[in-house]
Amino acid sequence: MPTKMKAVVVACDMITAYGMSADSSWKGILSGKTAISRVNRFNTQAFQSDYAATIKGLKYLQRDSLVMQMFKLLFKKDSVSIPEDAKLVLATTKGEIDLLEKNFLQGKGGASKSNPQYLLKKLAAFIGIKDRGMIISAACASSSAALATAASMIRRGHTDCVLAVACDSVTEFVFSGFSSLMALDKFYARPFDKERNGLSLGEAAGYILLMSEFRAKKEKRKIIGEIAGWGLSDDANHMTGPSRTSDGLILAIQKSLKSACISEGDIGFISAHGTGTVYNDEMELRAFHAVFKKKRPVYSIKGAIGHTMGAAGLVETIIALRALKEKTVPPTVNLKVADDDAQGWASSRQRELSENKMALITNAGFSGVNTALVVG
């Protein structure tokens with residue numbers, strides 16, 4: 001196998017609050033209508049907000065965890081062809097945390113079963129993969145870090161096929177945690193808006209199947225896109241707060257451009273982390289102003305499907321790949337009046353891409369972790 005191969009995307013799909021496919025999420029985002037609604041899964045009376053983007057039909061505190069229910073829906077399709085020799089990378093922040101909740105709230109089930117290692121084993125068996133797999137939990141940058149790891153494994157010739165999967169769910173434990181941090185908007189997240197006041201939680205499960213370009217062509221797989229570059233950093237600023245200088249994200253973006261062997265001028269648009277909190281959006285925009293010589297389209301999908309935590313980067317990569325294919329930059333749902341720093345960058349309207357360029361995807365998480373992916 002060549003020592004340096006392109007890591008190409010040959011299959012991907014996801015489930016979000018918009019519906020049971022990547023296509024439904026794409027259409028939902030373009031519609032400009034948010035999938036965030038009132039939570040009825042648990043009592044929210046004591047919390048900062050009553051709203052989140054939850055998936056209809058999932059059953060709470062049952063034998064199957066919420067994320068396992070999502071995965072069973074996601075991988076039941078006949079069109080999904082996952083090689084049994086694929087390496088497996090699972091990205092999540094809390095995994096099957098509702099199993100732990102059930103143990104404490106109802107006295108049912110073993111608390112240890114909420115350990116992500118159990119989810120990894122169940123997932124490998126369900127999909128039919130022989131690999132023992134690995135777990136990457138890097139807060140809300142988990143799945144973008146997982147994609148960087150998967151692409152690096154292929155580029156370095158360690159393997160020629162990796163399945164990256166990501167998941168997180170909205171549970172009472174998770175909801176109460178973000179509420180205690182006073183991080184939730186009372187109704188809907190408004191990324192990059194002058195009046196933004198917090199994030200909205202969301203849930204999702206998704207996968208991206210990566211192969212070396214050589215294997216993909218040998219198996220006559222349709223190539224959807226490429227994970228061309230990546231960069232990771234940690235600004236070590238605060239346990240939960242982002243850096244006030246944006247140095248960490250700037251470094252991650254610069255690393256991703258170098259990894260992809262491109263310049264900032266080759267980026268056509270940016271899929272931002274864009275949580276809707278005052279400090280996150282400010283930090284990202286400061287980084288974009290520092291790296292890019294000219295303004296370019298920026299958007300966030302978190303006003304549409306909420307903040308899907310550990311699944312965010314993977315979900316956003318699938319949407320960015322679709323945007324490249326359709327030559328359409330999605331709107332930032334719930335954005336009404338762009339903040340001063342976001343003027344000319346973020347928009348509530350979808351925009352056309354006139355040039356064939358690449359996309360940058362940025363994510364950030366608690367502890368100061370930052371990731372940047374370049375996809376083409």
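**Close-up 1. Ring pairs link Phe42, Phe47, Tyr60 and Phe175 into a cluster.** Welcome to the aromatic side of this predicted model. In the structure as a whole, the aromatic pairs number 10.

**Close-up 2. Arginine 244 sits over the face of tyrosine 279.** Here you can look at a charge and a ring together. The distance from arginine 244 to the ring centre of tyrosine 279 is 4.1 Å.

**Close-up 3. The largest nonpolar core holds 52 residues.** Which of its members touch the most others? They are Leu210, Phe269 and Val375. Zooming in on leucine 210, and setting aside neighbours within four places in sequence, you will find contacts with Ala7, Val8 and Val9, with Leu147, Ala150, Ala151 and Ile154, with Asp160, Cys161 and Val162, and with Ile227. Another core, of 50 residues, lies apart from the largest one, and its members include Leu58, Val165, Phe178 and Ala216. As background, nonpolar side chains in soluble globular proteins tend to be buried together.

**Close-up 4. Cysteine 140 and cysteine 161 are both without a disulfide partner.** The disulfide count for this model is 0. For cysteine 140, the closest cysteine sulfur belongs to cysteine 167 and is 13 Å away, so the two are too far apart for a bond. A disulfide would need the sulfur atoms within 2.5 Å. Cysteine 161 is in no disulfide either, and its nearest cysteine sulfur, in cysteine 12, is 14 Å away. Are these two cysteines buried or exposed? Cysteine 140 counts as buried because its relative accessibility is 9%, and cysteine 161, at 0%, counts as buried too.

Note on methods. Residues numbered from 1 in each chain as written. Predicted model: local features only at pLDDT ≥ 70, side-chain atom pairs only at ≥ 80, totals over all residues. Heavy atoms only, no water. Buried < 20%, exposed > 50% of the residue type's maximum accessible area, 1.4 Å probe, protein only. Phe/Tyr/Trp six-rings, centres within 6.5 Å; stacked < 30°, edge-to-face > 60°. Lys NZ or Arg CZ within 6 Å of the ring centre and 35° of its normal. Core = buried A, V, L, I, M, F, W, Y, C linked by side-chain atoms within 4.5 Å. Contact = heavy atoms within 4.5 Å.
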